[in-house]
Amino acid sequence: MQTTRIIMGMPITLVAVDDQPATEQLFERAFKLFEQFDEKYSPYKETSLVAKINRQELDTSDYDDELQEIEAWAEQAKQETHGYFNVWHKGAYDPSGIVKGWAIDKVARMMSQSTNDFYIDAGGDIQTNGRRKDGQAWRIGIRNPFNRDENIAVLGLSGQAVATSGTAIRGQHIYNPLADGPIKSNLSLSVIAPNIIDADRMATAAFAMGHDGINFIERLDGYEAYLVDDQGIATQTTGWQKYEV
Amino acid sequence: MMKKIAVTVFVLITFIIYSIHQRTEGNQAVQRVASSASAANSTNTTTTSPPAPSSSQSSAPKYKDGSYTGASSDAFYGYVQVKATISGGQLTDVSFLDYPQDRANSIAINDYAMPILKQQAIKAQSAQVDGVSGATDTSMAFMQSLGDALKQAKL
């Protein structure tokens, strides 16, 4: 069974091997959960907790368990990335960078209690669980940042997550006045991790680090990455290849 | 001879002053963009649906000439905000004032001894896939911000 809906400003697709009325109900519960997270944590909804924090109507001591959990992830991400990951953006509190991965993780955990073989794709961030109907690992492509209809790598994932960070805006070359031609810049960086929270926040942080990003991932145990620069050259961490099919 | 040198020096100084002036202007422009973006972010931006595609390809002016800044729109990871330029009643340019991942500057990361990582030119793969990982699509946010800018430009 496969269903796509647009929630949190992005297409969210649920895919499961099971195809029963119960699966349909499970999908409904999963989408409902994403909608609740959107209501609670969207920086754009006046009634959201995030908006209340920005209006200073909610004190840290009033945070519920979920918000404390998100805060703890945000703090951990900030430290692990040497400050690159920060939920404060232009003076406003915006935990979206954590909430996205956190929400996918929550929904995946809920779904895994009822079904084993599925994956969740939320705006290109994917958490897999179990296997396909034919017993093989889920095949997940890495999109070509130059051509969205093409894949430039195909992964076999079973239980892992992959997140890709990048900019959809191209053609804005930065020229170095001291050198000839444009400075090489990164277009997209994909990170494989045991779960989507880790893949998501590390992809975001490593992409922001520029050329050091891929080395940063290389040094982390349990993470692999694939970087594409604007010259069409891919750089991969030493263990990336073992996930390629 | 002296006259020639004096002229050269004059031209050079003029050029340097001009460059400095341009650079300061550039910085100010960046700051203006940044402050207008954060102002837009702090207000609750209502999302507007993109304009319906026009049924005819007529070249009759539909928009007032000028530049229009769209509302900053949520791409979840950040904000997309565009400026639409209309001339001769037509949309002639769209520039990005803000887009996701536009975050800050480099910091020094300790240099460990790093293995040489494998590099290769990207190549399209033909294998069938179940799903695809790519950068979060900003196209929806782009459409929203552009739709908002064009609404302001409507005659």
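**Exercise 1. A sheet shared by two chains**

Find the open sheet of three strands whose pairing is mixed, and work out the order of its strands.

*Solution.* Start with the order, which reads S8(A)-S7(A)-S6(B) in this open sheet of three strands. Next, pick out the edges: strand S8 (147-157) of chain A and strand S6 (131-133) of chain B each pair on one side only. From one strand to the next, the twist averages 40 degrees. Keep in mind as you work that this is a predicted model.

Now look at the pairing across the chains. Strand S7 (residues 138-144) of chain A runs parallel to S6(B), and three bridges connect them. To find your place on screen, look for A:Gly141, which sits opposite B:Val132 of S6(B).

**Exercise 2. Strand S6 of chain A**

Decide whether strand S6 (residues 125-129) of chain A is enclosed or open, and identify the strands it pairs with.

*Solution.* Step one is to check burial. A residue counts as buried when its relative accessible area is under 20%. By that test, five of the five residues of S6(A) are buried, so the strand is largely enclosed by the rest of the structure.

Step two is to sort the residues by face. In a regular strand, side chains alternate between the two faces of the sheet. Here A:Asp125, A:Gln127 and A:Asn129 lie on one side, while A:Ile126 and A:Thr128 lie on the other, and both faces are covered.

Step three is to find the partners. Strand S5 (residues 118-122) of chain A pairs with S6(A) in the antiparallel sense over five bridges. Within this pair, A:Thr128 of S6(A) stands opposite A:Tyr119. The hairpin formed by S5(A) and S6(A) has two residues between the strands, and A:Gly123 in it adopts a positive phi near 55 degrees. Strand S9 (residues 161-166) of chain A is also antiparallel to S6(A), joined by two bridges. There, A:Val162 of S9(A) is the bridge partner of A:Ile126.

**Exercise 3. Salt bridges, buried and exposed**

For three salt bridges of chain A, A:Asp125 with A:Lys100, A:Glu224 with A:Lys242 and A:Lys45 with A:Asp38, state how accessible each partner is.

*Solution.* A reminder to begin with: side chains of opposite charge can pair when their charged atoms come close.

Take A:Asp125 first, since you have just met it in S6(A). Its side chain meets that of A:Lys100 in a salt bridge at 3.2 Å, N to O. The pair links distant parts of the chain, 25 residues apart, with A:Asp125 in strand S6 and A:Lys100 in helix H4 (residues 96-112) of chain A. A:Asp125 is buried at a relative accessible area of 0%, and A:Lys100 is buried at 1%.

Move on to A:Glu224 and A:Lys242, whose side chains meet at 4.0 Å, N to O. This pair links distant parts of the chain too: A:Glu224 belongs to strand S11 (residues 224-229) of chain A, and A:Lys242 to the segment after strand S12 (233-236) of chain A, 18 residues apart. A:Glu224 is buried, with a relative accessible area of 12%, whereas A:Lys242 is exposed at 62%.

Finish with A:Lys45 and A:Asp38, which meet at 3.1 Å, N to O. A:Lys45 is partly exposed at 27%, while A:Asp38 is buried at 13%.

For context, the structure holds 12 salt bridges over all chains. A:Lys40, A:Asp64 and A:Glu66 are linked in a salt-bridge network.

**Exercise 4. The two sides of helix H1**

Check the length of helix H1 (residues 21-41) of chain A, then locate its buried side.

*Solution.* Length comes first. At 1.5 Å a residue, the 21 residues of H1(A) should span 30 Å, and the end C-alpha atoms are 30 Å apart, which agrees.

Next, list the buried residues; among them are A:Thr23, A:Phe27, A:Phe31, A:Phe34 and A:Asp38. The buried residues cover an arc of only 150 degrees around the axis, so they lie on the same side of H1(A). An α-helix has 3.6 residues a turn, so residues three or four places apart point the same way. On the other side, A:Pro21 and A:Gln25 are exposed.

Then ask what covers the buried residues of H1(A): the list includes strands S1 (2-7), S2 (10-16) and S5, and helices H2 (49-54), H3 (65-80) and H4, of chain A.

Close with one residue, A:Thr23, which is buried with a relative accessible area of 4%. Leaving aside neighbours within four places in sequence, A:Thr23 is in contact with A:Met1, A:Ala16 and A:Asp18.

Methods. Residues numbered from 1 in each chain as written. Chains lettered and ligands numbered in written order. Predicted model: local features only at pLDDT ≥ 70, side-chain atom pairs only at ≥ 80, totals over all residues. Heavy atoms only, no water. Buried < 20%, exposed > 50% of the residue type's maximum accessible area, 1.4 Å probe, protein only. Helix = DSSP H or I, 4+ residues; strand = E, 2+ residues; numbered from the N terminus. Pairing = 2+ DSSP bridges. Axes fitted to C-alpha atoms, helices over the stretch in contact; angles between N-to-C directions. Contact = heavy atoms within 4.5 Å. Expected span 1.5 Å × (residues − 1). Arc of directions from axis to C-beta.
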